[in-house]
Amino acid sequence: MILISFDIDGTLTVGDPPGILPMDMVRAVKEQGCLVGSCSDRPISAQRAIWASHDIEVDFTVSKHMLPDVKAEFEADVYYHIGDREDLDRRPALEAGFEFLWPHEAADMPWVEGPDA
Amino acid sequence: MTENAPASMYRTDEGMGLWEHRGKVAAVGVGHSPTARRWDGRAETCVGAISLIALRRAIEDAGVDPAEIDGLVMDPVTTTGAYWPKGKPVPEEVTSAFNCTDNPLDGIAGLSAEWILKNMPELTGIDFTMYGPGCMSNAICVAAQAVGDGLANTCLVLKSWHNYEGRYYQGGANAGSDLPGTAALHALWGTPACYGTALQFAEYCRKYGKNHDMMAPFIENSRQNGLKFPEGYWASHRPEEITPEDYKAARWIAKPANLFDNDLPIMVSAAYLYTTAERARDMRQKPVYILNHAASNTRPRSLTPTLDEVEADTARTARKIYEGAGITAADLSFENMYDGFAQFHQFHIEGLGYRGMKFGEALDFYQTDISIHGPNPILPSGGNIGCGRSRFWMHTDCIQQIQQRAGERQVTGVKPEVAVSGGPMPLGGRFTVWSATPD
């Protein structure tokens, strides 16, 4: 099982500023059976609204400092956090025991296209 | 050459009696620019350009011939924490779009009165310019005094903000290896900007037995009000509420101050048109009379004011506000004191004794109906938390509420007759009392 946490602003195309990862990518990852959610400085209610407006059912929506809570709650073989900031994404992700990917690295990951890709 | 307003223009002391121009100066026109999170590098969105939009909208709103305007009061500094990177070229396509001054960053990273006048040829009658530095709270005090003193008859007041990509407060001198004086302790080796307020708030909670969660209704109310402010950033771009759950789940910036206790830096400009009460009668909008302006020049004993110093000074400020306006706390229809950081709003309103409040009671008050529809509205503008970092939403809101044109944000639980706004910090703020009538 793969768990993937997405930052929003600067990471997803719906972010402010927009990032490079489209919502279709998140949808595709979800359809591959990954656990998916967002970890962002957006209000949690706003994160839920974004996912709902794109008809994507996510497994978690948490504030930026709550990656350890995600890891404690979900059983997975590998945990990824994808974000655009060294101080607010990469460093805390590594401290929480997540693998970290910049958005351009995430776009090249095999699970974007499915397990057979 | 435009100068900062002299100290004599501010009402800093207790015992000055009624303001000599009480009810004889009025705000009439309001103009706001569009907002943006950050400058996108285009000429038409630079801080100079959006200032021209705000000024022209204020003139239009008041229904005044631009040639009739004879005064301009503004703040030449357009940021507190977004600095033009050293060595970065000034974009020629931007400077070539305007009539420039000797400062190549004028209109991009700052704003002089000279730049405004070079780019608003319709302002042919200006013979008075002055700076009220820091924020709109300061500039409107200067404009009110200038009109009252006869230095100008019809005066524009302007405050603008720029913001660039990158983190606020992280560039400029703060990115260097040394700073002079106590700034080194704050900015170089120190703490997030909200740290001083967080310290005061921590002591407040200890002293009065309160806690951070009790701020949640205030934050929720502020954002709800801000989402009814169409000129604001959140209403325009990201209509997101902050629920109590959202607030309590946010990360700490300087515990006990979290992310949503801080405001969001943006690009924005606002302008007002001030004039004499007599001239205001013939303008397009209903006059909002200035009953008083007041100032705090108190300096803390050390790097950050203690809670005791804050409480003493907000009480002193309130006495000055009421004395000069000839009112009491009971006369206030609503309050619009500053909130950027959210955690000092309660210091301001406790000092005012708003609705009979005493020190240590504001957070309990926040648990009651503080909405625009109740009898005790708190910050109907939504302030910086509700609209983005500008330090002027509260003034615009006072004018619009009293003019009965605040739209969805209009207070309904009270009749908007007398209001107070001002800031920024509890120590060192500038404050204005607004009224529907001149007496």
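This note comments on the cysteines and on one sheet of a predicted model.

1. A search of the whole structure, over all chains, finds zero disulfides. Cys39(A) accordingly takes part in none, and the nearest cysteine sulfur, which belongs to Cys34(A), lies 17 Å away. With a relative accessibility of 1%, Cys39(A) counts as buried.

2. In chain B, the cysteine sulfur closest to that of Cys205(B) is in Cys194(B), and because the two are 14 Å apart, they are too far from each other for a bond. Cys205(B) is buried as well, its relative accessible area being 11%.

3. Chain B holds an open sheet of nine strands with mixed pairing, in the order S3-S2-S4-S7-S1-S8-S11-S10-S9. Its edges are formed by strand S3 (128-131) and strand S9 (334-337) of chain B, each of which pairs on one side only. On average, and with direction ignored, neighbouring strands of this sheet are turned by 25 degrees against each other.

4. At the S9(B) edge, four bridges join this strand to strand S10 (residues 418-423) of chain B, and the two run parallel. Within this pairing, Met337(B) has Gly422(B) in S10(B) as its bridge partner.

5. Two helices of chain B may be read against this sheet. Helix H1 (residues 47-62) of chain B packs on the sheet and touches strand S1 (25-32), strand S2 (71-74), strand S4 (154-161) and strand S7 (268-276) of chain B, with a direction that makes about 130 degrees with that of S1(B). Helix H15 (residues 393-402) of chain B also packs on the sheet, where its contacts include S9, S10 and strand S11 (430-435) of chain B, and its direction makes about 170 degrees with that of S10(B).

How values were computed. Residues numbered from 1 in each chain as written. Chains lettered and ligands numbered in written order. Predicted model: local features only at pLDDT ≥ 70, side-chain atom pairs only at ≥ 80, totals over all residues. Heavy atoms only, no water. Disulfide = S-S within 2.5 Å. Buried < 20%, exposed > 50% of the residue type's maximum accessible area, 1.4 Å probe, protein only. Pairing = 2+ DSSP bridges. Axes fitted to C-alpha atoms, helices over the stretch in contact; angles between N-to-C directions. Contact = heavy atoms within 4.5 Å.
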